[in-house]
Amino acid sequence: PSLKLREVASMYFTMVAAFLVILVVALQGSVPRESDFPYKVPLDPQGLLELSWNVSYPEQAVHFQLLIRELQFGILFGMSDRGEFENADLAVLWSDGHNSYFGDAWSDAKGQLHMDSQQDYQLLGARRAPEGLYLLFRRAFSTCDPKDYLIEDGTVHLIYGILEEPVHSLQAINISALHGGLQRVQLLKPNVSIPELPSDMKTMEITAPNVVIPSQETTYWCYMAELPAGFPKHHIIMYEPVVTAGNEALVHHMEVFQCAAEFDSFPHYNGPCDSKMKPDRLNYCRHVLAAWAMGAQAFYYPEEAGLAFGGPGSSRYLRLEIHYHNPLVFKGRHDSSGIRLYYTATLRPYDAGIMELGLVYTPVMAIPPGEDNFILTGYCTDKCTQLALPAAGIRIFASQLHTHLAGRKVVTVLSRDGRERQVVNADRHYSPHFQEIRMLKEVVAVFPGDELITTCTYNTEDRSRATVGGFGILEEMCVNYVHYYPQTQLELCKSAVDLGYLHRYFNLVNRFNDEEICMCPQVSVPQQFYSIPWNTFNRDVLKSLYGFAPISMHCNKSSAVRFPGEWEKQPLPSITEKLPEPVPHCPPAPGPQPAAPVPLKLGQLRR
């Protein structure tokens, strides 16, 4: 006789439940291999909390392993838009001193915690070890739960809080009293295959020797290095961080810059980048060779391309810049961190190049004060790519987004024949404090006649006057440094609003303003922006101006000279078809689950 449908379903769910129990028991009793969690980052400055994770694109999920070295009465771990503890999506482990619990929770706008009705942080196991407690859990990229954070490409702001006292319920946790902080990472690492490395590969370490990390929260340290005399052309094919043991939580990010070849020599220097003792000539070391940020792994060039350095027309001088983040103000910590370059004399078929997209560094592009979501767009037009790119096009394989302190979101889109075709790189939770060169999930082919449009979103709610474009940290930028091959003469493809149209805007503002504002030619553009009364009318007209006015195109060679042609008063690219907004993938509903925490047997917890 055939089994009834109800009996079949009952057997199925019993088997699933048994499998999950076996899985949890196995995880509690075994030591996960380090290769199971290839990505790792310290969460706190002392290194008491260490997060490891892996990404499963087939499952559309992230598996987390959180090592708690000194467990007190629990831990909060989660994600939020900008690293706030309000409106956050949280996994919480807490104890009343006798019993421990794990649950999926969320915080409201006041920071009050609530158990989530949909438990999407799925506990996989907890295990004590000599080094601390390992907590393993899983989270889908998208849950379609309005209380949950959508894990997507780009920066993710992770938050943590340590419970130092026992609590009798989740709701009793006072977020404002927690010892906590945030860490920024790229959770969704691209699944890129590692190319085979050549047998003649050599290494070179660019490290700052024996730096005493200053006892202040933020330090940018500069160190000058020099290639050997007569160093011939090589290809950099890979690089990785070299971080002094014990300083993993203090070395925030590092970059190696090559200096301008127009100078025969550069002075030696080993000190803070903002020191008055730093020679001015070091400001001419801006060509990025390598960039690393906390949580990033080794960077590999595609097997058909390498980044050229050395040889004729290439400077021997390099500048290493290290950002130390020392919020606990440790004193006397010594550091010799830097970046290890892997290079080969056997040149690959193509030189890799770096091209700047976005906006020109000019004050004509400005953001009014008090804006929460102001958008500026820079263009690399079809006219420029038609003239400067080879017929076979170029291949973009990596990208580094860049703004200053007001930047909140950066997106570059490829457009062809007026239709948006592909997102080159997007970071919808961008932070100026977390910048790294990121491998793209798939190589982007750009052909003559294509357009590359870079849009930056800014927040100036904390500012009382306009923010203009420029090099200063309180001025703004909107840049995407794309890494591509084969290298071309095109090094910069950027735009800015036409100056004549901007002056028309200033005249219009003057006409409709009650107070006379000097919009005289002798007054600088920044000063004219600073004198504008930022009422709704003046804001809206500026937004409109940037949306329709012609642009000045900078289609520049590496010599900073424009390609021949007419580049002023160019029309904005016409986009007739935009890419649809990505629709989150919702996993199958698991059915009604009680909004209840999972009990854990961790024994009695003490201070």
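Where does leucine 405 lie? Leucine 405 sits in the loop between β28 (394–402) and β29 (407–416). Keep in mind that this is a predicted model. My points follow.

1. **The nonpolar patch.** Start at that loop. Leu405 joins Ile473 and Leu474 in a nonpolar patch on the surface. The patch covers about 290 Å². Leucine 405 has a relative accessible area of 33%. Leucine 405 therefore counts as partly exposed, since that class lies between the buried limit of 20% and the exposed limit of 50%.

2. **Salt bridges in total.** Turn next to the charged side chains. The count is 19 salt bridges. Three of them are picked out below.

3. **Arginine 340 and glutamate 205.** These two residues form a salt bridge. Their closest N and O atoms are 2.7 Å apart. The pair links distant parts of the chain. Arginine 340 belongs to strand β23 (residues 338–344), and glutamate 205 to strand β12 (residues 202–207). In sequence the partners are 135 residues apart. How exposed is glutamate 205? Its relative accessible area is 44%, so glutamate 205 is partly exposed.

4. **Glutamate 356 and lysine 494.** Here is another salt bridge between side chains, with an N to O distance of 2.8 Å. Glutamate 356 is in strand β25 (residues 353–359). Lysine 494 is in strand β35 (residues 490–497). The pair therefore ties together parts of the chain that are 138 residues apart in sequence. Are these two residues buried or exposed? Both glutamate 356 and lysine 494 are buried.

5. **Aspartate 427 and arginine 438.** This salt bridge has an N to O distance of 3.0 Å. Aspartate 427 is in strand β30 (residues 419–427), while arginine 438 is in strand β31 (residues 438–446). The two are 11 residues apart. Both aspartate 427 and arginine 438 are buried.

6. **A shared network.** Some salt bridges have partners in common. Glu205, Glu240 and Arg340 are joined in this way into one network. Look back at point 3 for two of these residues: arginine 340 and glutamate 205.

7. **Two packed helices.** Two packed helices are described by an angle and a distance, both taken between their axes. Helix α3 (residues 499–512) packs with helix α5 (residues 536–548). The angle is about 160°, and the axes are 11 Å apart. Why are the helices called roughly antiparallel? Angles over 145 degrees count as roughly antiparallel, so α3 and α5 fall into that class. The crossing of α3 past α5 is right-handed.

8. **A cis peptide bond.** Most peptide bonds are trans. The bond from tyrosine 485 to proline 486 is cis. Its omega is near -10°. Proline 486 lies in the loop between β34 (479–485) and β35.

9. **Positive phi at cysteine 144.** Most residues other than glycine have a negative phi. Cysteine 144 is not a glycine, yet its phi is positive, at about 60°. Find cysteine 144 in the loop between β9 (132–140) and β10 (156–162). Cysteine 144 counts as partly exposed, because its relative accessibility is 41%.

10. **Positive phi at lysine 569.** What is the phi of lysine 569? The value is positive, about 50°, although lysine 569 is not a glycine. Lysine 569 is in the loop between β36 (551–557) and β37 (598–600).

How values were computed:
Residues numbered from 1 in each chain as written. Predicted model: local features only at pLDDT ≥ 70, side-chain atom pairs only at ≥ 80, totals over all residues. Heavy atoms only, no water. Salt bridge = Lys/Arg side-chain N within 4 Å of Asp/Glu carboxyl O. Helix = DSSP H or I, 4+ residues; strand = E, 2+ residues; numbered from the N terminus. Buried < 20%, exposed > 50% of the residue type's maximum accessible area, 1.4 Å probe, protein only. Patch = residues over 30% accessible without salt bridge, like charges linked within 9 Å, V, L, I, M, F, W, Y side chains within 5 Å. Areas by Shrake-Rupley, 256 points an atom, 1.4 Å probe, with all protein chains shown as cover. Axes fitted to C-alpha atoms, helices over the stretch in contact; angles between N-to-C directions. Parallel < 35°, antiparallel > 145°, perpendicular 65-115°, else oblique. Left-handed = near helix turned anticlockwise from the far one by under 90°.
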